[in-house]
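I sat down with this entry to look up how the two chains fit together. My notes follow in the order I took them.

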Protein chains: 2
Amino acid sequence: MQELYIKVPGVAETSYRIAIGSGLLPSVWSAAEAAFPKHKKFIVTDENVVAAGHLSKLLHGRDASTYVIHPAGEQSKNIDTVVAIVEAMERAYLGRDTLVMALGGGTVGDIAGFAAAIFKRGVPVVQIPTTTLAQADSAIGGKTGVDSSISKNAFGAFWHPAAVFIDVATLQTQDERQYRAGLVESVKHGLIASEEYFEFIESHLDAILERDVNTLEVVARYNCSIKGRVVEEDPLEKNKRRILNYGHTVGHAVEAASDYALLHGEAIAIGIVAAGLIEVERGLSEPGRLDRIRTALEKLGVPVKLPPNLAEDKITDVMKHDKKAVDQWPRFVLIGRLGQVHCENGQYAVPVGRDVVEKVLELMIDNG
Amino acid sequence: MQELYIKVPGVAETSYRIAIGSGLLPSVWSAAEAAFPKHKKFIVTDENVVAAGHLSKLLHGRDASTYVIHPAGEQSKNIDTVVAIVEAMERAYLGRDTLVMALGGGTVGDIAGFAAAIFKRGVPVVQIPTTTLAQADSAIGGKTGVDSSISKNAFGAFWHPAAVFIDVATLQTQDERQYRAGLVESVKHGLIASEEYFEFIESHLDAILERDVNTLEVVARYNCSIKGRVVEEDPLEKNKRRILNYGHTVGHAVEAASDYALLHGEAIAIGIVAAGLIEVERGLSEPGRLDRIRTALEKLGVPVKLPPNLAEDKITDVMKHDKKAVDQWPRFVLIGRLGQVHCENGQYAVPVGRDVVEKVLELMIDNG
């Protein structure tokens, strides 16, 4: 037998810019053009974003190849949509010199980012998030993917954006329920990384719900720097990045078990309360902490109890398919105190028995 | 407006092992087990490989989750097959701790490698190529992907294997036409990188066609070291790696225009002759070189002329969709002398006018 070794060369550190402002959408195209003068632009957006007028603000009279996802929302987050986008790019004779511009919410960003990651083995993507969820979370960090019929993000890739443009003015037109649900990720950022930020949210909830742009710029800044710091430390989610999954283990399962009747943020709110109850079980919670969290979530108007029609065994079955599952059972991110994740033996995702999870789910059923 | 920068950390250099031998298939599982003790193995193969007995040699009495691609061949190299594989992994409750083992030809390796690249944002893949094409070319270098209805590898990712095991004994059962077509990539390696290797092939064609395992081990060694050297220098095909596309610009288009009636290697043989004729047009060819190349290809029994039923405009239309196309027209890799690629202004893929390509295609039509 002979042996050879093939070196896979290292990749140098890079960085990307996040611009945050109010009313910056009309200047995004020029900024992208300046950064990628040789690339042909291809926009991916959805029908809601078009109806809200964001696409015409971005285009500012220009003409550009555009794919409009229809219908908007989680139900289009599947491989068929990705295939349709790739084939639209091919029909437009686009090659590797393409810059994908993802204009929209988390679903648009995930789909467009994944399409960019796999189109002709990868082209750059610029994220232009227009929802509370996408601005707080999904536009930053390079996670892309679409769901299968069995689980969320079964298909995906790590594909960092080439740049991110956050215009908080785009939030003015967001549907109220979606707007509120998306803020749950901001609450999560406070819980896992910054007591100061959690307190800012608690004390500015009215201004946030009134969509005051100055307050929203502060929120965006907190979100980007917290999430940015975490993904810089652990871009491929080997360990530390898992703290961003706080509330997501139960949350994802609840979201899937509800057949996506619950919005992502709504399901994560339930997941955050579930994590809080596990922390109480574990003796990790200082007195009154869970009540404070629950109060903030209730002010946002998101659910903090399990809808009675959700079968628990369906939730636990989905959990077995969790991406982070080891031996068919996921690990959990828990917080030790406000603003700090609990860490066991250097691990931020820790084992929690099925019995504990089942007990907590039982406690959370909404009996009206 | 506020600005933040997010660092994307660099990735350290790694390397992977290629083991080459005759009869090593039954020991591959243990070797993979030793290298990935914590990973659950998932095999992707196809019906031809199973029929040839390779799967049972690999399993050696073991039981393992396996996806068998049906039908074997290029027609299964599409996104539907990838979706079916990912869903099969999900149904087997596999998570990120999965090692995909790709056992088969180039199609199996491309499909399984791409499925591994996008399953839950990426799991490792071991390539176990069983054909002349895969052993010479596709198993090494990390290119994975599947075709769309419009072009080849429209969907894809760079996903380096975790290890490669080449058992030249598996070639004994390969279909004669496939066997010969796959050797064209070996000829290509000689042409672009090593006159010595081209001469070895010329002088050992009988032993190669008789499938002498000792000769095939030498061939495998040459192929791996030539391809390995190129991909080490330019893993993401920014420039130098393009030399591996010698013969592929016309070749891919001919392959697609034939609706895959021509095998990949057969189409590449036509593409190599087309490149040779362009070189003659350009004054890049020393006298007799093209004849020598044509003679070697003819001994392999692969086509060196365009089948008369292939419309030229169909070929040139497919070329506009080439992944490497700039302004809807691809660039060409040409050789300056045997074993050395022609380089213009530091570029290995150079512009060639449509008129020249059309003239050459005209010359190549087989009028019987």
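**Strand exchange between the chains**

I started with β1(A), which pairs with strand β2 (residues 14–21) of chain B in the antiparallel sense, over 7 bridges. The model I am reading is a predicted one. Within this pairing I found I6(A) opposite Y16(B) of β2(B). I then looked up the reverse case: β2(A) pairs with strand β1 (residues 2–8) of chain B, again antiparallel and over 7 bridges. Here R17(A) stands opposite Y5(B) of β1(B).

**The sheet that ends in β1(A)**

I asked which strands make up the sheet that holds β1(A). The order is β1(A)-β2(B)-β9(B)-β6(B)-β5(B)-β3(B)-β4(B), an open sheet of 7 strands with mixed pairing. I noted the edge strands as β1 of chain A and β4 (65–69) of chain B, each of which pairs on one side only. From one strand to the next, the twist averages 15°.

Next I checked the helices on this sheet. Helix α4 (residues 79–91) of chain B lies across β3 (40–46), β4 and β5 (98–104) of chain B, and runs at about 165° to β4(B). Helix α11 (residues 213–233) of chain B also packs on the sheet, where it touches β1 of chain A as well as β2 and β9 (163–167) of chain B. The direction of α11(B) makes about 15° with that of β1(A).

**The sheet that ends in β1(B)**

I read off the other sheet as β4(A)-β3(A)-β5(A)-β6(A)-β9(A)-β2(A)-β1(B), which is open, has 7 strands and is mixed in its pairing. β4 (65–69) of chain A and β1 of chain B stand at the edges with a single partner strand each, so one side of each has no neighbour in the sheet. Ignoring direction, neighbouring strands of this sheet are turned by 15° against each other on average.

Inside this sheet I looked at one parallel pair: strand β3 (residues 40–46) of chain A and strand β5 (residues 98–104) of chain A are joined by 5 bridges. I43(A) stands opposite M101(A) of β5(A).

For the helices, I noted that α4(A) lies across β3, β4 and β5 of chain A and runs at about 165° to β4(A). α11(A) lies across β2 and β9 (163–167) of chain A together with β1 of chain B, at about 15° to β1(B).

**Symmetry and interface**

I then asked what rotation superposes chain A on chain B. It is 180°, with 0.0 Å of shift along the axis and an RMSD of 0.0 Å. That is the relation of a two-fold axis. I also looked up which residue of chain A comes closest to the rotation axis: V11(A), at 2.4 Å by its C-alpha.

How many residues are in contact across the chains? I have 61 residues of chain A in contact with 62 residues of chain B. On the side of chain A that touches chain B, β1 (2–8), β2 (14–21), α4 (79–91), α5 (106–118), β8 (155–158) and α11 (213–233) each supply at least two residues. The largest share, 8 residues, comes from β2(A). I sorted the residues of that side into 30 nonpolar, 16 polar and 15 charged. The copies meet through the same surface, because 100% of the interface residues of chain A are also interface residues in chain B.

**A helix pair within each chain**

Last, I looked at helix α8 (residues 184–193) and helix α14 (residues 289–300) of chain A, whose axes come within 11 Å and cross at roughly 160°. α8(A) and α14(A) are therefore roughly antiparallel, since the cut-off for that term is over 145 degrees. Their crossing is right-handed. V184(A), V187(A) and L191(A) of α8(A) meet I293(A), A296(A), L297(A) and L300(A) of α14(A). I count this contact as 7 nonpolar residues, no polar and no charged.

In chain B I found α8 (residues 184–193) and α14 (residues 289–300) packed at an angle of about 160°, with their axes 11 Å apart. That makes α8(B) roughly antiparallel to α14(B). The crossing of α8(B) and α14(B) is right-handed.

Key
Residues numbered from 1 in each chain as written. Chains lettered and ligands numbered in written order. Predicted model: local features only at pLDDT ≥ 70, side-chain atom pairs only at ≥ 80, totals over all residues. Axes fitted to C-alpha atoms, helices over the stretch in contact; angles between N-to-C directions. Helix = DSSP H or I, 4+ residues; strand = E, 2+ residues; numbered from the N terminus. Parallel < 35°, antiparallel > 145°, perpendicular 65-115°, else oblique. Left-handed = near helix turned anticlockwise from the far one by under 90°. Least-squares fit on C-alpha atoms with pLDDT ≥ 70 in both. Contact = placed C-beta atoms within 7 Å. Nonpolar A, V, L, I, M, F, W, Y, C, P; charged D, E, K, R; others polar. Pairing = 2+ DSSP bridges.
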